[in-house]
Amino acid sequence: MIIAPKGTKDVLPSQSKNWQFVEKTAREVAELFNAKEIRTPTFEHTEVFLRGIGETTDIVNKEMYTFMDKGGRSITLKPEGTAGVARAFVENGLYAGALPSKLYYITQCFRYERPQAGRLREFHQFGVEFLGASGADVDAEVIILAKTLLDRLGVKNVSLFINSIGCKNCRKKYSEALKKYMEYNYSGLCDLCKERLNKNPLRVLDCKNPDCKKITADVPVILDYLCDECVEHMSKLEKLLQLAGVEYTVNPKIVRGLDYYTKTVFEFVSDNIGAQGTVCGGGRYDGLITEFGANDVPGVGFAVGIERLLMLLENSGVNLPVNEGVKLYVASMGEKEYQKAFEIATKLREQNVSVEIDHMQRGIKSQFKYADKIGAEFVAVIGSTELEQGVVKLKKMADGTESMIAFDEIGKFIKGE
Ligand code: HAM
């Protein structure tokens, strides 16, 4: 037996309704905020992610599915949605249209990580990117959008943590302070972090190595190094969140695992789904679009992991939708009767009635058993007498009531018209 690659999951028919429910709710919430869907390719030139996410991040260093295609180009399966959206936004000249441009997407992502509960190698994100406005009010709106989605889905026990990682200037000062602090502990850092300390010290804070974690436990926090403008941005965001009644905690340790962030960063975290508790992560990225060639287009967004969200929904005891049964099963005996069943099924589907007929040459008893298994609401029987009289014997499965209904009247009858 060939099994699926490690870190991938099939979504089975019994689960796909839950996915549709989450995706439908996500689209509805995005559209409440006037966001429009964008779809970008599953793979991009590797350069998109090197520039977008940053060469010192774990994603770029260790986790990307990168390969040379037959034309000798370096191609990468998208590990997240933002960089591809930024590339598409610039390439298609969306910056010349109405701004802010509010975009959302539902996409699969690929990261070569060690699989565990809530951590896959192929996973799915619902993400939102608001491009073109620099104010903290847009950060607040994006956070409220994420919160609205979680609320509408009925998710419980999720906490919002916010932080600011400042602008380029604040980060320069902070990086120096970090370097100084870690000089004393340099030898205890992992090899990658030794490199990071020179290239991008903030990334050391994001390292999952337990020794590095110990060293960074009491580092200075970036909030103490923010410039006036970044302090003002953060306090405006807090005021707006309070105004909207959104509860949050400032957590100065949140730096996020991608390099494009500036100022606001945030995470919605649950302790209901094990070690991988971050359901949603996002923040502002005022320099990202510039990397792709359009100046002065600030941005802010987030992405929710759909698999983690579904785990959370199950653990929150939310009543998830189940697959509905078929409306009608047409049982028949004999060749001519089967042809009539086939004809009726075709006509009724044109009238938007879901219909199933026998494809296995079963006897009538087995056809009833099958109809029961697939949750048919009605079963119509066509035997030789019914065929002669132009009627079916229609049984309502819930209460066993039977009626003789003319072929042409079946649709109306079962729709209750
Ligand atoms: P991220 O924090 O890397 O941010 O991922 C966002 C969410 O995707 C996580 O909170 C988690 O729910 C889910 N996720 C990430 N990795 C995995 C995995 N291996 N298995 C299952 N779920 C996973 C981003 O990707 C940014 N692009 C978010 C963003 C959008 N920031 C601004 N705009």
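Colleague: Let's start with the sheet. How many strands form it, and in which order do they sit?

Modeller: This is a predicted model, and in it 5 strands make an open sheet, ordered β13-β12-β14-β15-β16, with mixed pairing. At the edges you find β13 (355-357) and β16 (402-406). Each of those has a single partner strand, so one side of each has no neighbour in the sheet. Ignoring direction, neighbouring strands here are turned by 25° against each other on average.

Colleague: Mixed pairing, okay. Which strands pair in the parallel sense with β12?

Modeller: Strand β12 (residues 328-332) pairs in the parallel sense with strand β14 (residues 378-382), over 5 bridges. β12 also pairs with β13 in the parallel sense, over 3 bridges.

Colleague: And where does the antiparallel part come in?

Modeller: Look at β14 and strand β15 (residues 391-396): they run antiparallel and are joined by 4 bridges. One residue pair to find there is Val-381 with its bridge partner in β15, Lys-393.

Colleague: Can we follow a single residue across the sheet? What are the bridge partners of Val-330 in β13 and in β14?

Modeller: Val-330 is a nice one to click on. Its bridge partner in β13 is Ile-357, and its bridge partner in β14 is Ala-380. Then try Ser-332, whose bridge partner in β14 is Ile-382.

Colleague: Next, burial. Are the residues of β12 buried or exposed?

Modeller: Read it from relative accessible area: under 20% counts as buried. In β12, 5 of the 5 residues are buried, so the strand is largely enclosed by the rest of the structure. Leu-328, Val-330 and Ser-332 point one way, Tyr-329 and Ala-331 point the other way, and all of them are buried.

Colleague: What about β14: which residues point which way?

Modeller: Phe-378, Ala-380 and Ile-382 point one way from β14, while Val-379 and Val-381 point the other way, and all are buried. That covers 5 of the 5 residues, so β14 too is largely enclosed by the rest of the structure.

Colleague: Let's move to the ligand. How many residues surround it, and which are the closest?

Modeller: The ligand has 26 residues around it, and the closest are Glu-80, Thr-82, Glu-113, Glu-129 and Tyr-261. By type, the shell divides into 10 nonpolar, 9 polar and 7 charged residues.

Colleague: Which strands supply the shell?

Modeller: β6 (122-131), β10 (278-284) and β11 (299-305) each give at least two residues to it. The largest share comes from β10, with 6 residues.

Colleague: How do I read individual contacts, and what distances do I find for Glu-80, Gln-125 and Gly-305?

Modeller: Look at N and O atoms on both sides. A side-chain N or O atom of Glu-80 is 2.5 Å from a nitrogen atom of the ligand. For Gln-125, a side-chain N or O atom is 3.0 Å from an oxygen atom of the ligand. Gly-305 uses its backbone instead: an N or O atom there lies 3.2 Å from a ligand oxygen atom. As for cover, on its own the ligand has 660 Å² of accessible area, and the protein covers 96% of that.

Colleague: Now backbone angles. What should I expect for phi and for peptide bonds?

Modeller: Most residues other than glycine have a negative phi, and most peptide bonds are trans. Against that background, look at Lys-263, which is not a glycine but has a positive phi of about 55°. Lys-263 sits in the loop between β8 (249-250) and β9 (264-270), and its relative accessibility of 8% counts as buried.

Colleague: And Asp-296: where is it, and is it buried or exposed?

Modeller: Asp-296 is in the loop between α10 (288-291) and β11. Its phi is near 55°, again a positive value in a residue other than glycine. Asp-296 is exposed, at 73% relative accessible area.

Colleague: Which peptide bond is cis?

Modeller: Go to the bond from Leu-99 to Pro-100, which is cis, with omega near 0°. Pro-100 lies in the loop between α4 (82-91) and β5 (101-110).

Colleague: Last one: how far apart are the C-alpha atoms of Arg-51 and Leu-288?

Modeller: They are 237 residues apart along the chain, yet their C-alpha atoms are separated by 8.4 Å. Arg-51 belongs to helix α2 (residues 46-53), and at 39% relative accessibility it counts as partly exposed.

Definitions and conventions:
Residues are numbered from 1 along each chain as its sequence is written. This is a predicted model: local features need pLDDT of at least 70, side-chain atom pairs count only at pLDDT 80 or more; totals for chains, interfaces and linings use all residues. Side-chain values use heavy atoms; hydrogens and water are left out. A residue is near a molecule or strand if one of its heavy atoms lies within 4 Å of it. A polar contact is a pair of N or O atoms within 3.5 Å; within protein, one must be able to donate a hydrogen and the other to accept it, and residues adjacent in sequence count only if both atoms are side-chain atoms. Accessible areas come from the Shrake-Rupley method with a 1.4 Å probe; for residues, only the protein chains shown count as cover. Ala, Val, Leu, Ile, Met, Phe, Trp, Tyr, Cys and Pro count as nonpolar, Asp, Glu, Lys and Arg as charged, and the others, Gly among them, as polar. Buried means under 20% relative accessible area, exposed over 50%, partly exposed in between (1.4 Å probe, protein chains only). Two strands pair if DSSP finds at least two bridges between them. Axes are lines fitted to C-alpha atoms, for helices over the stretch in contact, and angles run from 0 to 180 degrees between N-to-C directions.
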